[in-house]
Amino acid sequence: MGYALLAGLAAIVVLVSTAVFIGAGSDDGSLDGITQGTRDNAAPASSGNWVGTWAAAAVAAEPNTRDGYPKMSIRNVVHTSVGGSGARITLSNLYGTKPLTVSHATLALAAAPSNPTAATGTMRRLTFANSRTVTIPPGRKATSDPVRLNVPHAADLLVTTYSPKRSGPVTYHPYARQTSYVARGDKAEETSGTAFTEQSPYWRYLTAVDVWSNQTRGAVAVLGDSITDGISSSPGANRRWTDFLAERLRTERNAPRFSVLNGGISGNRVLVDGPRYSPNNGPSGLTRMQRDVLSRSGVKSVVVEMGLNDIIKPPRQRDPRKIADGLRQLVKYAHARNLRVIGGTLTPFGGHRGYQKQLDDIRQRVNEEIRSGKVFDEVVDFDAALRDPANPNRLRPAYDSGDHLHPSDNGFRAMAEALDLKLLKGSSPART
């Protein structure tokens, strides 16, 4: 009987230990959604699956945030690509140097686009492993428990976190092209939004929102640079090329019912990591493929749009074969997960301050390799979609944001329209 009692106590200890740890996982890409299978049991009581509706890559430690945002509430505004009947969020302390304690977190629908006011009746308090408080160690992440909430597609969500004490540098995404908000004190459940008087162009801590859906079958995860990040798109208007792609997938007949997850980082390269505290480079595509693409909820297809920064940003990569080989390695990572990869050609940059004919020759040689079918499973020809027929090394004027490198809103729409949606349907690689 004594042995039976000890065994029972040991089992309880194991269960309790698991519950305490369940909200936290590594944010270096080594663990893929470790809590998802467990939390699915607490999902809304209907058939369906968890799928990412929004995502943003953790880029760096926000400058001048040595103490974090103690005794302040951060209200991130994010835009859904698909809806569902429940939701959960992921917070990241990837670039933190101290534990991040969040003692109050909420999720709500915005009453109006880009507005900090919550829609009536939509405010939900979030828990982590059934606790209202979560402490995330440096370099880790935490996924909330699911909450029941009717989340519309193409809607703004408010994700608010309150930290009661100093937490060290803030993990953030700098070029959100979306206004978020900050308030003093614990205002996480304030619905009026009046306390959120400080505006912010960043997303802080938040890296993913998932929804429970019986209509959306999976997600398209996009790995990219500033063009995917949408750095030149209209602020607050959700006109990145990935937003236009999400619109096509929602509205076009016979389109696969997929969400779109944006994994763009401005200045990002395939081969070279940016400095840890850089505000605009981030880890290389090779370094972050697992974390920002393959580990997202419900990923069925991958799109890669990058390589141009390897050519034009110092230290410049002048060997097109090395860039192509780096892109091939990204494909191998995806194939290991039985995922198809659609790769984009590198877009024109004639007229940009970094333009040199020798560099454009490298771009053309990379594009030749991509078009040959020797890099990706399928190809989307962004170069052909955006270039000026009268001057092919430049963007078409109507598609040029003005810096001769980044597309305008119209250019981003053209990119989305260039992608054959049928290419996204394959869940296994076309070749190995």
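A residue counts as buried when its relative accessible area is under 20%. S266 has a relative accessible area of 5%, so S266 is buried. This is a predicted model, and every value here was computed from it.

**A buried serine**

Where does S266 lie? It sits in the loop between β19 and α5, the latter covering residues 285-294. The side chain of S266 has a polar partner: D229. The two side chains are joined by a polar contact of 2.9 Å.

**Strand β17 and its partners**

Now take β17, which covers residues 206-213. Is this strand mostly covered or mostly uncovered? Mostly covered: 8 of its 8 residues are buried.

β17 pairs with β2, residues 49-55. The two strands are antiparallel and share 6 bridges. One residue pair shows the match: V51 has V211 of β17 as its bridge partner.

β17 also pairs with β5, residues 84-92. Here too the strands run antiparallel, and 6 bridges join them. I89 has V209 of β17 as its bridge partner.

**Strand β20 and its partners**

β20 spans residues 299-305. Why is it described as largely enclosed by the rest of the structure? Because 6 of its 7 residues are buried.

β20 runs parallel to β18, residues 218-224, and 6 bridges join the two. In that pairing, A221 is matched with V302 of β20. β20 also pairs with β21, residues 340-344. That pairing is parallel as well and has 4 bridges. V304 stands opposite G343 in β21.

The pairings of β17 and β20 can be set out together.

| Strand pair | Sense | Bridges |
|---|---|---|
| β2 and β17 | antiparallel | 6 bridges |
| β5 and β17 | antiparallel | 6 bridges |
| β18 and β20 | parallel | 6 bridges |
| β20 and β21 | parallel | 4 bridges |

**A sheet of three strands**

Another sheet is open and has 3 strands. Their order is β3-β13-β16, and the pairing is antiparallel. β3 (60-61) and β16 (203-204) stand at the edges. Each has a single partner strand, so one side of each is left without a neighbour in the sheet.

β13 covers residues 171-173 and pairs with β16 over 2 bridges. Within this sheet, Y172 stands opposite R204 in β16.

**Two pockets**

Next come the pockets. Rolling a probe the size of a water molecule over the atoms shows where empty space is left.

The largest pocket has a volume of about 350 Å³. Its lining has 26 residues. Which of them lie nearest the centre? They are H79, N238, R240, T242 and D243.

Several elements build this lining. β2, β4 (72-79), α4 (241-251) and β19 (258-264) each supply at least two residues. The largest share comes from α4, with 6 residues. By class, the lining has 10 nonpolar, 10 polar and 6 charged residues.

The second largest pocket has a volume of about 300 Å³. It is lined by 15 residues. Nearest its centre lie N309, K313, R353, L405 and H406. How many residues of its lining fall in each class? There are 4 nonpolar, 8 polar and 3 charged residues.

**Links between the parts**

Some elements appear twice in this account. β2 pairs with β17, and β2 also supplies residues to the lining of the largest pocket. β19 supplies residues to that lining too, and the loop holding S266 lies between β19 and α5.

Key: Residues numbered from 1 in each chain as written. Predicted model: local features only at pLDDT ≥ 70, side-chain atom pairs only at ≥ 80, totals over all residues. Heavy atoms only, no water. Buried < 20%, exposed > 50% of the residue type's maximum accessible area, 1.4 Å probe, protein only. Pairing = 2+ DSSP bridges. 1 Å grid on protein atoms, 1.4 Å probe; cavity = no way out; pocket = protein on both sides within 12 Å on 5 of 7 lines; lining within 4 Å. Points joined across faces, edges and corners; volume = space filled by probe spheres on them. Nonpolar A, V, L, I, M, F, W, Y, C, P; charged D, E, K, R; others polar. Polar contact = N/O pair within 3.5 Å; in protein donor to acceptor, adjacent residues only side chain to side chain.
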